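Trainee: I would like to go through this structure and ask, for each label, what earns it.
Mentor: Then let us look at the model and set the values against the cut-offs.

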Amino acid sequence: MILYKGTEFKGKDGNDYVVDEVISVGTGQGDIYRVHNQRKEKFALKLFHTGNKKKLLAQIEKLIKRGQACEAFVMPIELVEVDGRIGYIMEYIGSEFISAAALFNGIEMDGRMVNLTWHEKIMLLAQIVDALIVLNDASLGIYDVKFDNLKIDLANLRVKILDTDTIVYTKDKSVVVGTVGFMPPLTHIGKEKPNEYNDVYAVAVLIYMTLLGAHPLDGKRRNFPCNENIDTYLFGTHPVYMFHPTDASNRPIPKDGFGRNQQQVIDKMRRYPAYFRKAMNATFVDGLYDGTKRTTLHDWLDILEQLYNDSFVCENCGEEYFLDGTEKVCGICGKEIVKPIFMECEKRIPLFNGLTIYCDDLWATTSHYEVFRVVETRYDGRYGLENLTYEQALLRLVDGKERRVDHGAQIPIFMDSEVEIENHKIKFI
Ligand SMILES: [Zn+2]
């Protein structure tokens, strides 16, 4: 039974609402509506049509009491009962948010699909991981992390996590098992209940699919003859990581004449840094059946940051490349690759004209203040650094000569020189 536009109802806290329109029908055991309150503020209503009423009430009440873990989560804010059915009011997510499937599929622009930029992908993934860390640190699990439960706002690079009514303490019984491909094989085949290591499995799948463009367990084996549902075979009963170190049976399918093409995965993985490949191995080889061995959310956040610091993009097509790579020509567009100069301290950062470099770009700190700006030097137009701090910087040349550089003055960039600022030594690579 769908509620009509104009249907009025009251929340358990006494607020009055009016139904505006149906947003979706039959998602997560219920329907979603756009509603408004007396002050014309927009909200969303989720109304369940199945499930144990008492249990649902207890679960939603608990979630409301617990509150919003961080801004990314769309949480229940008021219980409602309409026509004997249980539901809740939550934040309304406007049309500036699109499905996170865009991370994997790209977005349509002038009739063709365009990938999100490297910067957008990394920033959005980091936010997803960051939000889930808040849950994980509180021993909570959502157990249904997947593209369909995430919304992204590309203009502001924000993420919203939907369907948060599945959040439970990881020691408690889960209300859902997860979604095919995003749950570990043992959960898929019913041999292991969802536990504290399930969300991190789903996150690794999200990261892999977003950055490499395929599911980590969906390679050559999809073409094998098999007697069961092919998804059950690939993700449940016979899972093999594409880049398994010893089992080559599920490698990505190279470009062939049948329209199958995972060549992109092969090319990208070859370029990605060793620490990224190691983290994926930990999850999809060692941690395939053993959650304790999976790369943790905290580690993923560090890895995403490091990937960003170690990377630069092809100036022509935007494809990502890494500092340690030896490519001279872009594999995607064929244009010459111009590797920028990186500054290396505790962290690395690629230098571009006009870029402001903050302390937390260079070393581990919770502060965030300007240290340098990349400028063209006055005399010969070469790149230099303007000292934005109020301390002197020290330029040490390869022959051992030193020069002190005051606030506002410029340091020329010599590849073999060293710069010292606030007791941190910086090199150019
Ligand atoms: Zn290119």
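**Labels and their grounds**

Mentor: The domain assignment divides the protein chain into domain 1 (8-91), domain 2 (98-322) and domain 3 (342-428). The model is predicted.

Trainee: How far apart are the C-alpha centres of domain 1 and domain 2?
Mentor: They lie 30 Å apart. The contact takes 11 residues from domain 1 and 13 residues from domain 2. Helix H1 (residues 53-66) gives three residues, the largest share of the side of domain 1 that touches domain 2.

Trainee: Which classes of residue make up that side of domain 1?
Mentor: There are nine nonpolar, two polar and no charged residues on the side of domain 1 that touches domain 2.

Trainee: Which residues have the most contacts inside the largest nonpolar core?
Mentor: They are Ile128, Val129, Leu132, Val203 and Leu304, in a core of 81 residues. Helix H5 (residues 198-212) supplies 12 residues, the largest share of this core.

Trainee: Why is this core said to lie between domain 1 and domain 2?
Mentor: Because domain 1 (8-91) and domain 2 (98-322) both give residues to this core.

Trainee: What does Leu304 touch, not counting residues up to four places away in sequence?
Mentor: Leu304 touches Ile122, Leu125, Ala126 and Val129. A contact here requires C-beta atoms within 7 Å. There is also a second, separate core of 16 residues, which includes Cys359, Val371, Leu385 and Ile411.

Trainee: Why is Phe352 called exposed?
Mentor: The label exposed applies if 12 or fewer other C-beta atoms lie within 10 Å. Phe352 has 11 other C-beta atoms within 10 Å, so Phe352 is exposed. Its place is the loop between strand S17 (348-350) and S18.

Trainee: What is Phe352 in contact with, leaving aside its neighbours within four places in sequence?
Mentor: Phe352 is in contact with Pro340 and Val374. Separately, 8.7 Å lies between the C-alpha atoms of Phe352 and Tyr383, which are 31 residues apart along the chain.

Trainee: What is the strand order in the open sheet of four strands?
Mentor: The order is S18-S19-S20-S23, with antiparallel pairing.

Trainee: What makes strand S18 (356-358) and strand S23 (410-412) edge strands?
Mentor: Each has a single partner strand, so one side of each is left without a neighbour in the sheet. Neighbouring strands of this sheet are turned by 30° against each other on average, direction ignored.

Trainee: How do you know that strand S20 (residues 383-387) and S23 pair, and in which sense?
Mentor: Pairing needs at least two bridges. S20 and S23 have three bridges, in the antiparallel sense. Leu385 has Ile411 in S23 as its bridge partner, and both residues are also included in the second core.

Trainee: What is the order in the open sheet of six strands?
Mentor: The order is S17-S16-S25-S24-S21-S22, and the pairing is antiparallel. S17 and strand S22 (402-405) stand at the edges because each has a single partner strand. The average turn between neighbouring strands of this sheet is 25°, direction ignored.

Trainee: How many bridges support the pairs in this sheet, for instance S24 with strand S25 (residues 424-428)?
Mentor: S24 and S25 are joined by four bridges and run antiparallel. Three bridges join strand S21 (residues 393-396) to S24, also antiparallel. Strand S16 (residues 342-344) and S17 pair over three bridges. With a threshold of at least two, each of these counts qualifies.

Trainee: Which residues stand opposite Glu420?
Mentor: Leu394 stands opposite Glu420 in S24, and Lys425 is the bridge partner of Glu420 in S25.

Trainee: What makes the side chains along strand S24 (residues 418-421) alternate?
Mentor: Val419 and Ile421 point to one face and are buried, while Glu418 and Glu420 point to the other and are not. Buried requires 20 or more other C-beta atoms within 10 Å, and Val419 and Ile421 are the pair here with that label.

Trainee: Which residue takes a positive phi in the hairpin of S24 and S25?
Mentor: Glu422, with a positive phi near 45°; the hairpin has two residues between the strands.

Key:
Residues numbered from 1 in each chain as written. Predicted model: local features only at pLDDT ≥ 70, side-chain atom pairs only at ≥ 80, totals over all residues. Axes fitted to C-alpha atoms, helices over the stretch in contact; angles between N-to-C directions. Core = buried A, V, L, I, M, F, W, Y, C linked by C-beta atoms within 7 Å. Domains from an automatic or database assignment. Contact = placed C-beta atoms within 7 Å. Nonpolar A, V, L, I, M, F, W, Y, C, P; charged D, E, K, R; others polar.
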